[in-house]
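User: I am new to this structure. Can you teach me how to read it, feature by feature?

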Amino acid sequence: MLIRAQEMARYVADGVLDAGLTGQDWIAEHEIGHPEQTPLARICDLVYSKQSFGKVKWVLAAPEDSPFKTMADLNGKRIATELVRVTKNYFVTNGLNVDVEFSWGATEVKPPVLADAIVEATETGSTLRANRLRILETVMESNTQLIANQPAMADSWKKTKIENLALLLRAAIDAQGRVGLMLNAKRTDLDTLIGLLPALQRPTVSSLSDPEWVAINTILEEKVARDLIPRLKAAGGQGIVEYPLTKIVV
């Protein structure tokens with residue numbers, strides 16, 4: 001079932017769903033607002049985002065030409081954000097009193113007229129810079145997590161299913177940016193070729209029907225394959241095949 005990340009933690013916590021994928025940000029937003037509920041089980045971290053394989057940052061940002069240089073300068077001011085509870089908790093923890101209002105989107109265009117500052121998610125900071133906003137603080141970092149409720153994890157059948165799902169999701173992320181490479185070679189060239197190959201562990205070497213020849217199979221970063229393949233060919237590799245990977249279970 002596809003639902004918004006902002007809602008997933010609530011549905012899992014309420015038992016409507018056994019498990020789901022959402023960000024650490026929205027898990028925190030839900031749990032801060034519902035301290036009476038049993039915390040959700042974090043099954044695995046899945047670090048990826050729209051533009052990179054890094055974490056997303058929720059940052060406090062204010063206009064470049066504003067007098068606000070630090071978080072303390074915003075005491076008593078208005079902050080616009082989608083992440084209301086986390087933002088309120090962040091300021092309270094730091095002993096500051098601010099007016100945090102919910103933003104339905106396009107938050108970066110609100111300062112200075114509709115808000116004094118914002119708390120917004122960013123990967124590269126380019127949208128903030130385009131709107132002449134300066135980052136003052138990082139409120140939190142977030143990445144996708146597979147979560148489940150405690151009753152589901154107490155059920156052995158469901159727990160196994162959820163853990164298997166986690167294994168496959170991690171395997172898919174581990175495969176990103178990597179390719180498989182296989183080639184044939186004479187045994188006399190084997191040591192030279194293996195010396196050229198980076199590998200996740202060690203290359204797999206298999207005998208062929210001709211005892212003088214072997215097959216080599218390995219996994220490597222896609223970005224190095226382009227330069228490596230001509231070198232393998234020059235070192236005696238034949239029948240070189242590069243192929244995509246969908247999952248790597250390590």
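Analyst: We will go through sheets, helices, buried residues and aromatic rings in turn. Keep in mind that this is a predicted model.

User: Let's begin with sheets. What is the strand order in the open sheet of 5 strands?

Analyst: Read a sheet by its strand order and its pairing. Here the order is E5-E4-E6-E3-E7, and the pairing is mixed. Then look at the edges. E5 and E7 each have a single partner strand, so one side of each has no neighbour in the sheet. From one strand to the next, the twist averages 25°.

User: In which sense do E4 and E5 pair?

Analyst: They pair in the parallel sense, over 4 bridges. Take one position as an example. Ala-80 stands opposite Glu-101 in E5.

User: What is the order of the open sheet with 4 strands?

Analyst: That order is E10-E11-E9-E12, with antiparallel pairing. The edge strands are E10 (204–207) and E12 (238–244); each has a single partner strand, so one side of each is left without a neighbour in the sheet. Neighbouring strands are turned by 20° against each other on average, direction ignored.

User: How many bridges link E9 and E11?

Analyst: There are 9 bridges, in the antiparallel sense, between E9 (residues 178–186) and E11 (residues 213–221). Val-179 has Leu-220 in E11 as its bridge partner.

User: And what joins E10 to E11?

Analyst: A hairpin does, through 5 residues. The two strands pair in the antiparallel sense over 4 bridges. Ser-207 has Val-214 in E11 as its bridge partner.

User: Now helices. Which strands does helix H8 lie across?

Analyst: For a helix over a sheet, ask which strands it crosses and at what angle. H8 (residues 222–234) lies across E9, E11 and E12. Its angle to E11 is about 155°. For the other sheet, look at H2, which lies across E3 and E7 and runs at about 80° to E7.

User: Which residues of H3 are buried?

Analyst: They are Val-84, Val-86, Thr-87, Tyr-90 and Phe-91. Next, ask what they pack against. The list is helix H2 (24–33), strands E3 (56–63), E4 (78–81), E5 (99–102) and E6 (117–122), and also E7.

User: Val-92 is in H3 too. Is Val-92 buried or exposed?

Analyst: Val-92 has a relative accessible area of 59%, so it counts as exposed. The C-alpha atoms of Val-92 and Ile-3 are separated by 31 Å, and the two residues are 89 apart along the chain. Just after H3, look at the backbone: Gly-95 takes a positive phi of about 70°.

User: How do I read a buried polar residue? Where does Asn-149 lie?

Analyst: Start with location, then burial, then partners. Asn-149 lies in the loop between strand E8 (144–148) and helix H5 (150–154). Its relative accessibility is 7%, so it counts as buried. A polar atom of its side chain lies 3.0 Å from the backbone oxygen of Leu-17. Beyond its neighbours within four places in sequence, Asn-149 is in contact with Val-12, Gly-15, Leu-17, Asp-18 and Leu-40.

User: What about Asn-143: where is its place?

Analyst: Asn-143 is in the loop between strand E7 (133–142) and E8. With a relative accessible area of 3%, Asn-143 is buried. Its side chain makes a polar contact of 3.0 Å with the side chain of Asp-45. Leaving out residues up to four places away in sequence, Asn-143 touches several others, including Thr-22, Gly-23, Gln-24 and Lys-55.

User: Last topic: rings. How many aromatic pairs does a search of the whole structure find?

Analyst: The search finds 3. A pair of aromatic rings is described by the distance of the centres and the angle of the planes. For Tyr-90 and Phe-91, the centres are 6.0 Å apart and the planes stand at 85°, so the pair is edge-to-face. Both residues are buried.

User: How far apart are the ring centres of Phe-102 and Trp-104?

Analyst: They are 4.9 Å apart, with planes at 85°, so this pair is edge-to-face. Now check exposure. Phe-102, at 39% relative accessibility, counts as partly exposed. Trp-104, at 78%, counts as exposed.

User: Which residue lies over the face of Tyr-11?

Analyst: Arg-10 does, at 4.5 Å from the ring centre.

Technical notes. Residues are numbered from 1 along each chain as its sequence is written. Side-chain values use heavy atoms; hydrogens and water are left out. Two strands pair if DSSP finds at least two bridges between them. Axes are lines fitted to C-alpha atoms, for helices over the stretch in contact, and angles run from 0 to 180 degrees between N-to-C directions. Contact means heavy atoms within 4.5 Å. Buried means under 20% relative accessible area, exposed over 50%, partly exposed in between (1.4 Å probe, protein chains only). A polar contact is a pair of N or O atoms within 3.5 Å; within protein, one must be able to donate a hydrogen and the other to accept it, and residues adjacent in sequence count only if both atoms are side-chain atoms. Rings of Phe, Tyr and Trp (its six-membered ring) pair if their centres lie within 6.5 Å; planes under 30 degrees apart count as stacked, over 60 as edge-to-face and the rest as tilted. A charge sits over a ring if NZ of Lys or CZ of Arg is within 6 Å of the ring centre and within 35 degrees of the ring normal.
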